[in-house]
Amino acid sequence: RAIGITWNFYPLADVQINPRNPVINTRSFGEDPAQVSAMVTAYIKGSHAGGMLTTLKHFPGHGDTDTDSHLALSRVNATMDRLNSVELPPFKAGIAAGSDAVMIAHVAFPSIEPDPNKIATTSEVVVTGLLRDQLGFKGVIVSDALEMHGLTKLYPPNNGNPAGRAAVDTVIAGQDFLELPSDLDGTYNGLLQAVKSGAISRKQIDASVRRILIAKAKAGL
């Protein structure tokens, strides 16, 4: 905060249970959901004491992947029972601790979203159904970097405006804040046209803006 930083995309709520995970590994608080939950809670408490906004990531859990979602499509093939016992508890703990934001993973979760063309980022079932409605998260939902290949490979460039299509699907799924788009103009124009056409409602945009303004107010901005 002393150098003007108000929002941290941390802590990781991912439970590191796959030894071949090339991207989460040492970034995680550990292999035990209870330990990760305790560390996440403590991190949020300490951050808030210092006036810093926090972001749980990567929902609903990036710990059991063996590919890097920056480079390729990632998948967690766990059952819903396993997700409820391992992946989701640290996110529930972080939400209970008052995290200001949750970041969505560019990862497929077939047991939650059966559509093979959708990852968590573009799944309304994951973002709105599970996180917003079932877990009751009321803060800012932020995408992982839209330039990552775990998302862009689903939107080939030979079909119109790929960045715009990805952004529209991400917002329709329920995200409020889009991080690092690969094509800023394409992203903006795609979203603008989607709102003008009614594919994305102005009510949804207003709700997202309100959540972001509440977060800024918490940070004293």
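Here are a few notes on a predicted model, point by point.

1. Start with H58, which sits in strand β1, residues 55-59. Is H58 buried or exposed? With a relative accessible area of 3%, H58 is buried, because anything under 20% counts as buried. The side chain of H58 also makes a polar contact with the side chain of D14, at 2.7 Å. Setting aside residues up to four places away in sequence, H58 touches L12, D14, I24, R27, F91, M103, A105 and D144.

2. Next, look at T122, in the loop between β4 (107-108) and α3 (124-134). T122 is buried, at 6% relative accessible area. Which residues does T122 contact once its neighbours within four places in sequence are left aside? They are L151, Y155, D169, T170 and A173. You can also check T122 against H106: these two are 16 residues apart along the chain, and their C-alpha atoms are separated by 8.6 Å.

3. Now move into helix α3, where you'll find T128. T128 has 23% relative accessibility and counts as partly exposed. A polar atom of the T128 side chain lies 2.7 Å from the backbone oxygen of A173. In sequence T128 and A173 are 45 residues apart, yet C-alpha to C-alpha they are 6.5 Å apart in space. Leaving out neighbours within four places in sequence, T128 is in contact with D133, A173 and G174.

4. Helix α7 makes a nice sum to try yourself. It has 17 residues (202-218), and at 1.5 Å a residue it should span 24 Å. The expected span uses one less than the number of residues. The end C-alpha atoms of α7 are 24 Å apart, so the model agrees with the expected span. Just after α7, G220 takes a positive phi of about 80 degrees.

5. On to the rings. How many aromatic pairs does the structure hold? There are 5. One of them joins W7 and F9: the ring centres are 4.9 Å apart and the planes are at 85 degrees, so this pair is edge-to-face. W7 is partly exposed at 25% relative accessibility, and F9 is partly exposed too, at 23%. Ring pairs link W7, F9 and F177 into a cluster.

6. F59 and F91 also form an edge-to-face pair, 5.2 Å centre to centre with 90 degrees between the planes. F59 lies in strand β1 and F91 in helix α2 (residues 80-96), so the pair ties together parts that are 32 residues apart in sequence. Both F59 and F91 are buried. You have met F91 already: it is one of the residues that H58 touches.

Definitions and conventions
Residues are numbered from 1 along each chain as its sequence is written. This is a predicted model: local features need pLDDT of at least 70, side-chain atom pairs count only at pLDDT 80 or more; totals for chains, interfaces and linings use all residues. Side-chain values use heavy atoms; hydrogens and water are left out. Helices (H or I, at least four residues) and strands (E, at least two) are DSSP runs, numbered from the N terminus. Buried means under 20% relative accessible area, exposed over 50%, partly exposed in between (1.4 Å probe, protein chains only). Contact means heavy atoms within 4.5 Å. A polar contact is a pair of N or O atoms within 3.5 Å; within protein, one must be able to donate a hydrogen and the other to accept it, and residues adjacent in sequence count only if both atoms are side-chain atoms. Rings of Phe, Tyr and Trp (its six-membered ring) pair if their centres lie within 6.5 Å; planes under 30 degrees apart count as stacked, over 60 as edge-to-face and the rest as tilted.
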